Amino acid sequence: MTLLTTEIHRHDQLDAVIVFAADRRITRGSVRDSEQPKVFSIPRLHAGIGYFGLAEVPSGAGSEPIAMWLQRFVAESTATTLGGLAHDLAGTLNTVVPARWRQSVVSGFHLCGFAAAARPEFWYVRNCDDTVAQNPTGTYADREDFQGRDAPRLAPGQGMIYRNGDIRPRVLAWEKIDEAFGALLAAPDFGVPHTPNEYAKWVEFKMDVIAQFYERFCQVSIIGGPVDAFFITR
């Protein structure tokens, strides 16, 4: 399981910031398997990408970690836009990932960056529906959710958060950490995050708290550190 988050801050401002973060825990069934990075920057497209769910793809040697496969796919891609990369990724996954896996294992990718006119775009590539249960559909498809759906509903200066993976920390813990520490951050000897680096550190801190909680108290530690986080600016 995974906790993957992509945050867009101050979406319509010159100082807009995109933050990617994810834990590294890989499980096989209910057993801890390994730690793999799940978020990566794409400098040439001024973007980042992250994954959740499926942790491997078939290869000539048996299987290959999705982290390695995804980095190679991005490096070899000739796509010049985020939409082009998202579409190519969905099509390739439908070829590379066996049908039985696509029909049974939920899998998805966040692709987010500053596209045409330096506007943030969030592309969601997945093989599941939009219900809470995220039922597998058997086919990977790509969709742009920020400019096409969410941005028109946001007030000036607002942002958007996209999360995937285990739903419990998303619902029960993420905003509660903001509430619990918000008053303390407002104290004179602290500081509310304002810079890109501060946003990334705050997201990394919240995710690290959740990861440590799972490692210490969950019978099956499906989320675990270390945590990777980075930011992208215009």
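In the predicted model, helices α6 and α7 lie oblique to each other, because their axes cross at roughly 125°, an angle that falls outside the ranges counted as roughly parallel, roughly antiparallel or roughly perpendicular. Helix α6 spans residues 174–185 and helix α7 spans residues 196–217, and their axes come within 11 Å. The crossing of this pair is right-handed. On the α6 side, the contact is made by W174, I177, D178, F181 and L185, which meet W202, V203, F205, K206, M207, V209 and I210 in α7. The residues of this contact divide into 10 nonpolar, no polar and 2 charged.

A second helix pair is found in α1, which covers residues 66–76, and α2, which covers residues 82–96. The axes of α1 and α2 come within 11 Å and cross at roughly 130°, which makes α1 oblique to α2, since the range counted as roughly antiparallel begins only over 145 degrees. The crossing of α1 and α2 is right-handed. Three residues of α1, namely W69, L70 and F73, meet L85, D88, L89, T92, L93 and V96 in α2. When the residues of this contact are sorted by character, 7 are nonpolar, 1 is polar and 1 is charged.

Turning to the strands, an open sheet is built from 5 strands in the order β5-β6-β9-β10-β11, and the pairing within this sheet is antiparallel. The edges of the sheet are formed by β5, at residues 39–42, and by β11, at residues 136–144, each of which pairs on one side only. From one strand to the next, the twist of the sheet averages 15°. In general, the strands of a sheet pair through backbone hydrogen bonds, and the pairing may be either parallel or antiparallel. At the β11 edge, the neighbouring strand β10, comprising residues 120–128, runs antiparallel to β11 and is joined to that strand by 5 bridges. Within this pairing, C128 has P136 of β11 as its bridge partner.

A further antiparallel pairing is formed by strand β7, at residues 56–59, and strand β8, at residues 62–65, which are joined over 4 bridges. These two strands form a hairpin, with 2 residues between them. The register of the hairpin can be followed through individual positions: the bridge partner of E56 in β8 is P65, while P58 stands opposite S63 in β8.

Considered as a whole, the chain has 7 helices and 13 strands. The C-alpha atoms fill a box of roughly 60 × 45 × 30 Å, taken along the principal axes of the chain. For a chain of 234 residues, a compact globule would have a radius of gyration near 17 Å, and the value of 18 Å computed for this chain therefore agrees with that expectation.

Conventions: Residues numbered from 1 in each chain as written. Predicted model: local features only at pLDDT ≥ 70, side-chain atom pairs only at ≥ 80, totals over all residues. Heavy atoms only, no water. Axes fitted to C-alpha atoms, helices over the stretch in contact; angles between N-to-C directions. Parallel < 35°, antiparallel > 145°, perpendicular 65-115°, else oblique. Left-handed = near helix turned anticlockwise from the far one by under 90°. Contact = heavy atoms within 4.5 Å. Nonpolar A, V, L, I, M, F, W, Y, C, P; charged D, E, K, R; others polar. Pairing = 2+ DSSP bridges. Rg over C-alpha atoms; globule rule 2.2 N^0.38 Å.
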